[in-house]
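Trainee: Please take a close look at one helix in this model and tell me how it sits in the rest of the structure.

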Amino acid sequence: MPSRIEDYALIGDCEAAALVARDGSIDWLCWPRFDASACFAALLGSPEHGRWQIAPAAPGARVSRRYREGTLILETKFETAEGAVTLIDFMPPRSAAQDLVRIVLGRRGRMALQTDLVLRFGYGAIVPWVSRLEDGLLRAIAGPDMLVLKTDVPLHGEGLRTVGAFTLGEAETATFVLSYGPSHLPPPVSVDPFRALAETEAFWRAWSSRCTYQGRWSEAVSRSLVTLKALTYAPTGGLVAAPTTSLPEWIGGGRNWDYRYCWLRDATLTLLALMNAGYYDEARAWREWLLRAVAGSPAQLQIMYGLAGERHLREWEVGWLPGYEGSRPVRIGNAAAAQLQLDVFGEVIDALHQARHGGLAENPEAWALQKALAAYLETVWDQPDEGIWEVRGGRKHFVHSKVMAWVALDRMVKTAAEFGWDGPVARWRSLRARIHTDVCRQGFNPEVGAFVQSYGSRTLDASLLLLPVVGFLPASDPRIRATVRAVERDLMVDGFVLRYRTEETQDGLPPGEGAFLPCSFWLADNWLLQGRREEAQALFERLLALRNDVGLLAEEYDPRAKRQLGNFPQAFSHLALIGTALNLSPAEPKPVAQRPAGCCDP
């Protein structure tokens, strides 16, 4: 059985990522990109599906972990009565090679250790051909993939795995460098592990030092920013939602999705988080990725894209993997890419509006794209869609989707007025008012006394917490206050917020999931806007306490079992964390990540 989700730590090189458990086992690694086939897939099965463990030979060692400050260099300390060692895991930022480095340092006494390397390409399905080269390197090949291991520890094959035993005393070291390359090329040249360690630490410390946020929660914000940087595909600037697939939203359930892609829904929060923390180069790269990805006919706009803007994300099931703790199916690809989700029009247009406000140099193509998107939105805003939660139970007139269509028109009007761009402003203003009236008339259910999930329904939905955040209605509006109270009453479990009651919503899947962490951050933002600062801060502190020992959050949390759930680490959760921390820092409350508040103009 794999470790608990919260027992993993992330390492990566801004192109690929691995998950390292507290027991020193790397249970997940996709190479050479986030969305490539996994060569370690024990996370979704067993060690026989691929993993690499370095750990004490005897059980019972005390374990503690930390990242080196401001970096993605993981240190795991194993201690026994006889000795102590530190395992250092990292992936150097890409150069010519693609490497994963593991260094074991003797700290005290002596300790016997072992390494167990199980290489399986193709998500655990393919046993590679392993051979030893003349220079002592170990090479594993299957199809297009090649891995090369360089180490000073004697290794041997045993039962289709590569194992070794070694003992370290104080100040002694053992090093391992695993490198990836295409199988038709010569083996990659392995990096010097200690030089790579120094260069990797210098890279991350230099990056972290650029953060301009110095508030009360600087440690949590810094770790979240490092995580977002690690989830950014450096060659294109695209941000993946998570580096994993099919970690369940409910243990044993079927709500298991592939998140190794770039969602447009993250666009605004990503830009604002990066700009507000001083990372303008990364914000610019994300905006340029956004413009490239959505280029083309507005009618073909997707909710998500591949790392370089790929559009075809075919979903299929991996039948040979049993899933995390038996949670099946394991999915590769994501069929939601073909859904209609009207809210992404608002997210894209709002992101580009915020980029201008943030001072990013204007891209001349951005306004033309916005006008094309707005023109198409005029023809489809009144259609049902699959909504923010990407339901598979049929299209509805989701209130959040309509509100984000309003956001798109609102930002078009504001951009034209503030920056002098041309366009049919009178028509945009008229449609904005029409959408606002439509939502207030059909999205608010007087019998429920709150805004509801979709027109004509009685179901509450945590996405409605975003209405005051995006400026659709002020937080003081009685309808907003009533909606917040309804969410507090009906969607909170042990103080954390569900997206909606899965047993009450026909979303095409069996019921059961944890509390969606971004929704709880949104509730804190609402309380702050309502002047309930102490409550907002208390909830924020409770959410921070859910982070694991190295500061990472998954997508969801099970308050009863006290476990993190869903893909891990989750960009959306860390983006929401940054936004709420920024909101709590000023003396006067502002909407999340400084989004402009206020209802539509007359």
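Mentor: Helix H12 is largely enclosed by the rest of the structure, because 12 of its 13 residues are buried (under 20% relative accessible area, with exposed over 50% and partly exposed in between, for a 1.4 Å probe and protein chains only). Helices here are DSSP runs of H or I with at least four residues, numbered from the N terminus. This is a predicted model, in which local features need pLDDT of at least 70 and side-chain atom pairs count only at pLDDT 80 or more, while totals for chains, interfaces and linings use all residues. Residues are numbered from 1 along each chain as its sequence is written, and side-chain values use heavy atoms, leaving out hydrogens and water.

H12 covers residues 517-529 and reaches 19 Å from its first C-alpha to its last, close to the 18 Å expected (1.5 Å times one less than the number of residues). Its buried residues include Leu-517, Phe-521, Trp-522 and Trp-527, but also Ser-520, Asp-525 and Asn-526. After the helix comes Gly-531, with a positive phi near 85°.

As for the wider setting, the largest nonpolar core (buried Ala, Val, Leu, Ile, Met, Phe, Trp, Tyr and Cys joined through side-chain atoms within 4.5 Å) has 203 residues, and Trp-31, Trp-52, Leu-100 and Val-104 have the most contacts inside it. Helix H8, residues 399-419, gives the most to this core, with 11 residues. A second, separate core has 9 residues, among them Val-101, Ile-103, Leu-105 and Leu-197.

Definitions and conventions
Helices (H or I, at least four residues) and strands (E, at least two) are DSSP runs, numbered from the N terminus.
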